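Me: I'm new to reading protein models, and I'd like a close look at one small part of this one. Could you walk me through it?

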Amino acid sequence: MSERKTKLEKIRVFVDKMPSLSTTVSKVLEICSRPNTAPNDLNKVISLDPVLTGQVLKLINSAYYSLVNKVTSLTRAIIMLGLNTVKNLALSTAIIRSVGQVKKSKALPIKEFWAHSIGVGVMAKLLAVERGLPLAEREEYFVAGLLHDLGKIPFGDEYAEVLIHARTTREPLIHLEQRVMGIDHEEVGQMIASKWKLNAIITDAICHHHSPLLVIPEHQALVATVALADFYMCLFDIGYAGNRFPDEEQLAPLLEMCGLEWCAVANLAEAVDAEIKKAEIFLQI
Amino acid sequence: MIKVKFWGVRGSIPCPGPKTMKYGGNTACIELRFPEVNRHIIIDAGSGIRDLANFMLVNDLPKGPIVTEIYLSHTHWDHIMGFPFFVPMYIPGTRIKVFGPVTYEDEPLEAVVGGQMKYRYFPVNMGELAGRIEYCRLKEDPEIDLGDGIILSTTIVNHPITALGYRFTFRGAVFCTAYDTEPFRNLFVTDPNDPTYDELIAQEGERVACEQNQVLEHFFTGADLLVHDAQYTRHEYQNGKIGWGHSPIEEAIAAAGRARVKRLALFHHDPERNDDQLDAMTQTYCAPNGEEPMQIFFAREGQEIIL
């Protein structure tokens, strides 16, 4: 068996062992992505998963009340705090819990890696706001940003060498992955997306965030936005996902695809810091 | 003693003009003074706070630097729009503490309220203020000791963003607010013929809505003065205003009556409501009733009440 085949096999085994995205989470994703979620649907879909219900209620209690466990049912939470609040909490909780269960990467410092992922998620969402997208579409940007680098997790020990090499040569990481390992994190991401049955647009964000021109026109704006958010996080060293030196030639086409000016992106610096701090609460559950 | 003064009683947007001279056109702002302990509290920073600021500059500033606390019911614009015009904050020595709820997904209170003071909206930036301003996020809390014998409790009311009702107790006097709010209601499907109907959820929804309304009534039980949302009539409410976060007058009166409130100030008047209409509504809703010991009135700008 060739060396490339062995490496691919190892990655395949790793992906196979990854936990599936639970049916509940897929359903929460589906229901919460609708612009007009019905209270009954939301209540039912969250209630299907007692752990998720518990986490959502815990968050609600810590966010709104100084009395512990005051809100003890989703029905009460929805009537008291409104549908959108509960919906957004459930969505973020479900997603972060799923990715949190993934086995740790050997080469990447996991805390820094999730800081990068959350950063890209919140930045993608802020850019969606900047682009004037309706509220209902913004969550998908967050999820796409959060998951875009999932494909890096299954890489083994040799990835540490790739990362060192990337730092010294300043060569874009994705090129090095191909050259050294014969496979890159977008391809591995494709395997995970297919295992998790993620929808087409999120899958495109995972598989093409370094080449948004390759996706179908309807998905291009989201994928380019995630790529731009990734560029920003790498450039300003927020978190760490192995790529300190983004490909600067990408910037102008990305801005064009997103219909944004760089100054508008740079102006989000304070907002993105604040959003990252807020999003971190989900990791502490 | 709590001295209460209304500086703004309108909802939504200021509506000055000849048709609103009697009740006033400024948005929400209520002043509480506690003379025995020399404490000063402001509830909401609607456009009414500008006149209050002018009053304080003439009457309070000569006695020493201004120290006050502002409690925001929530951060919708009509409740914070006067904040940049609260002149004491431009005067060195002033100390202001701003309290209020923020919706979980939102930015911190400082950014939401102070964020109005950016050059794109206003010629003075937050960083240029001479006074000292502190911000503190409030949650629902059954008892907060404010010192000097003043006890505050807060409760979540029913509005599209997180909004708090306040209950101040001082030496036996109780002052309460419950705006912007509408009665809690069952949001779930209650029609058994609807395919998504779920009997348990429907029943729980009914129970919870009822309980939350009771929680709110309990919150203002026995208040010497309750300032309650009363933006709509029941007819208006039922015709397109459900879910907007404001109460029908009839519901406010009924709830306050059940809670044995002593005085009820109907508040947050619709900006479309003119003086003549409010006078006519006073006849309809506030007429003394032999069986009804509660005094009811439509709050008026400049009105003072001592508790």
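In which loop of chain A is A:Glu171 found? Please tell me about the surroundings as well.

Reply: Sure! Keep in mind that this is a predicted model. A:Glu171 sits in the loop between two helices of chain A, with helix H9 (158-169) on one side and helix H10 (173-181) on the other.

Let's start with the residue itself. A:Glu171 counts as partly exposed because it has 15 C-beta neighbours inside 10 Å, while a buried residue would need 20 or more and an exposed one 12 or fewer. If you leave out residues up to four places away in sequence, A:Glu171 touches A:Ala166 and A:Leu176. There is also A:Arg244, which is 73 residues apart from A:Glu171 along the chain, and the C-alpha atoms of these two are separated by 9.7 Å.

Now for the two helices around that loop. H9(A) and H10(A) pack with their axes 10 Å apart, at an angle of about 135°. The two helices are therefore oblique to each other, since 135° is neither in the range from 65 to 115 degrees nor over 145. As for handedness, H9(A) passes H10(A) in a right-handed crossing.

Which residues meet there? From H9(A) come A:Glu158, A:Val162, A:His165 and A:Ala166, and from H10(A) come A:Leu173, A:Leu176, A:Glu177, A:Val180 and A:Met181. Sorted by class, this contact has 6 nonpolar, 1 polar and 2 charged residues. You may recognise A:Ala166 and A:Leu176 in that list, as they're the residues A:Glu171 touches too.

Let's step back to where the chains meet. The contact takes 20 residues from chain A and 21 residues from chain B. On the chain A side, the elements that give two or more residues are helix H3 (39-47), helix H4 (50-64), helix H5 (74-81) and helix H6 (83-100). The residues on that side divide into 9 nonpolar, 8 polar and 3 charged.

Over in chain B, you can look for an open sheet of 7 strands with mixed pairing, in the order S7-S8-S9-S10-S11-S12-S13. Its edge strands, S7 (141-145) and S13 (295-298), each pair on one side only. On average, neighbouring strands of the sheet are turned by 15° against each other, ignoring direction. For one pair to trace by eye, try strand S9 (residues 163-170) and strand S10 (residues 173-178) of chain B, which pair in the antiparallel sense over 4 bridges. There, B:Phe168 has B:Phe175 in S10(B) as its bridge partner.

Note on methods: Residues numbered from 1 in each chain as written. Chains lettered and ligands numbered in written order. Predicted model: local features only at pLDDT ≥ 70, side-chain atom pairs only at ≥ 80, totals over all residues. Contact = placed C-beta atoms within 7 Å. Nonpolar A, V, L, I, M, F, W, Y, C, P; charged D, E, K, R; others polar. Pairing = 2+ DSSP bridges. Axes fitted to C-alpha atoms, helices over the stretch in contact; angles between N-to-C directions. Parallel < 35°, antiparallel > 145°, perpendicular 65-115°, else oblique. Left-handed = near helix turned anticlockwise from the far one by under 90°.
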